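Biologist: I've got the sequence and the fold open side by side. Can you walk me through the sheet, the helices and the aromatic rings?

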Amino acid sequence: MSCRSLRFRDTLALCTLLVTTALYSRLTYAAPIIFANSLIKPWGMQIDGSAQGLLVDVQYALSLETGLEHRVQLQPYSRVIHSIYSGDVDMAMLFDAQADLSRIIRIAPIAESQVIIVGRAGMKSLNSIDQLNGKLVGYMRGSKYGPIFDDATHFTKTPINAMPQALAMLIRGRIDAMAGVDLTFYWAIKQKRFPPSRFTPLLEISRPMVSLYISKKSSHLELIPIYRAAVQELHHNGVIEEIFGHNLDWNHMDGWSAPWSPKAKTSAQNSSTK
């Protein structure tokens, strides 16, 4: 075989490899990013057959910012953790304290929340969790609130499936107090039209951060810098603050009531395509 033939063969092989690699890259990017989202309201919920909620809004904003297709799977929170660890989904937003960094990668922080203990109106605020000695305290099934609560043995903890149920139990005296994330309390109070005056915050346990994570088994690890930049942009433009901002005060019970609507961004995109 002549040198010219060898060079032609090697060149053809190299071109074939480059084309195959490019096609694979295009197919990889064309594949939708699978998000797991908690079914705990208002973080995630099913309304009229569609996924809605605070974190659903965030992933939607991320999809617009990155230009990448997302598919959302609503799951119980414990299942969300299992799904991202196993690689059944690509991404999820989790509380940092519950993240096993040997199995997932933290991309960027999303929002800080408060874990609080709430009691009936008239109860005195607590200086320490030790003052719950002998009490019956509810918590959201499957949730972890940190060692100060999770490892406590001086009060009885009872798992409850839904916050509206917990608040009804609290009003009736079936539990002495309820632990949970502030946004979950606010949503339940608004949606069930409980008078806010029936409840009082007793103690702040912690301020956990919710962050965006990707499974180490995901086929989209090369997108980490893109999503990190997208989250930073959403913070910079005030989008995440807009999504979460109406839930920040205990006495401001507007709550989450409708999906975030990116009117300004949509208008800008429409203008650029004309």
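Modeller: Sure, and one term up front: two strands pair if DSSP finds at least two bridges between them. Keep in mind that this is a predicted model.

Biologist: In which order do the five strands of the open sheet run?

Modeller: The sheet is open and its pairing is mixed. From one strand to the next, the twist averages 30°. Reading across, the order is S4-S1-S5-S12-S6.

Biologist: Which strands stand at the edges?

Modeller: Look for strands with a single partner strand, so that one side is left without a neighbour in the sheet. That description fits S4 (70-75) and S6 (104-112).

Biologist: How do S5 and S12 pair, and what stands opposite Met93?

Modeller: S5 (residues 91-95) and S12 (residues 209-215) pair in the antiparallel sense, over five bridges. Opposite Met93 you'll find a residue of S12, namely Leu212.

Biologist: What angle does H7 make with S6?

Modeller: Helix H7 (residues 224-236) packs on the sheet and touches S1, S4, S5, S6 and S12. Its direction and that of S6 make an angle of about 5°.

Biologist: And at what angle does H2 run to S4?

Modeller: Helix H2 (residues 54-66) lies across S1 (33-38), S4, S5, S6 and S12. Relative to S4, H2 runs at about 170°.

Biologist: On to the rings: how are Tyr139 and Phe149 arranged?

Modeller: A search of the whole structure finds seven aromatic pairs. In this one, the centres are 6.2 Å apart and the planes are at 65°. Planes over 60 degrees apart count as edge-to-face, so Tyr139 and Phe149 are edge-to-face.

Biologist: Which charged residue sits over the ring of Phe149?

Modeller: Phe149 is in helix H4 (residues 147-150), while its ring partner Tyr139 is in strand S8 (residues 136-140). The charged end over the Phe149 ring, 5.5 Å from its centre, belongs to Lys157.

Biologist: Is Phe149 buried or exposed?

Modeller: Buried means under 20% relative accessible area. Phe149 has 1%, so Phe149 is buried.

Biologist: What kind of pair do Phe194 and Phe199 form?

Modeller: Phe194 counts as buried at 17% relative accessibility, and Phe199 does at 4%. Their ring centres are 5.9 Å apart with the planes at 80°, so the pair is edge-to-face.

Biologist: Last one: how many residues of H6 are buried?

Modeller: Helix H6 (residues 182-191) is mostly covered. Its buried residues include Phe185, Tyr186 and Trp187. Out of 10 residues, the number buried is eight.

Notes
Residues are numbered from 1 along each chain as its sequence is written. This is a predicted model: local features need pLDDT of at least 70, side-chain atom pairs count only at pLDDT 80 or more; totals for chains, interfaces and linings use all residues. Side-chain values use heavy atoms; hydrogens and water are left out. Buried means under 20% relative accessible area, exposed over 50%, partly exposed in between (1.4 Å probe, protein chains only). Helices (H or I, at least four residues) and strands (E, at least two) are DSSP runs, numbered from the N terminus. Rings of Phe, Tyr and Trp (its six-membered ring) pair if their centres lie within 6.5 Å; planes under 30 degrees apart count as stacked, over 60 as edge-to-face and the rest as tilted. A charge sits over a ring if NZ of Lys or CZ of Arg is within 6 Å of the ring centre and within 35 degrees of the ring normal. Axes are lines fitted to C-alpha atoms, for helices over the stretch in contact, and angles run from 0 to 180 degrees between N-to-C directions. Contact means heavy atoms within 4.5 Å.
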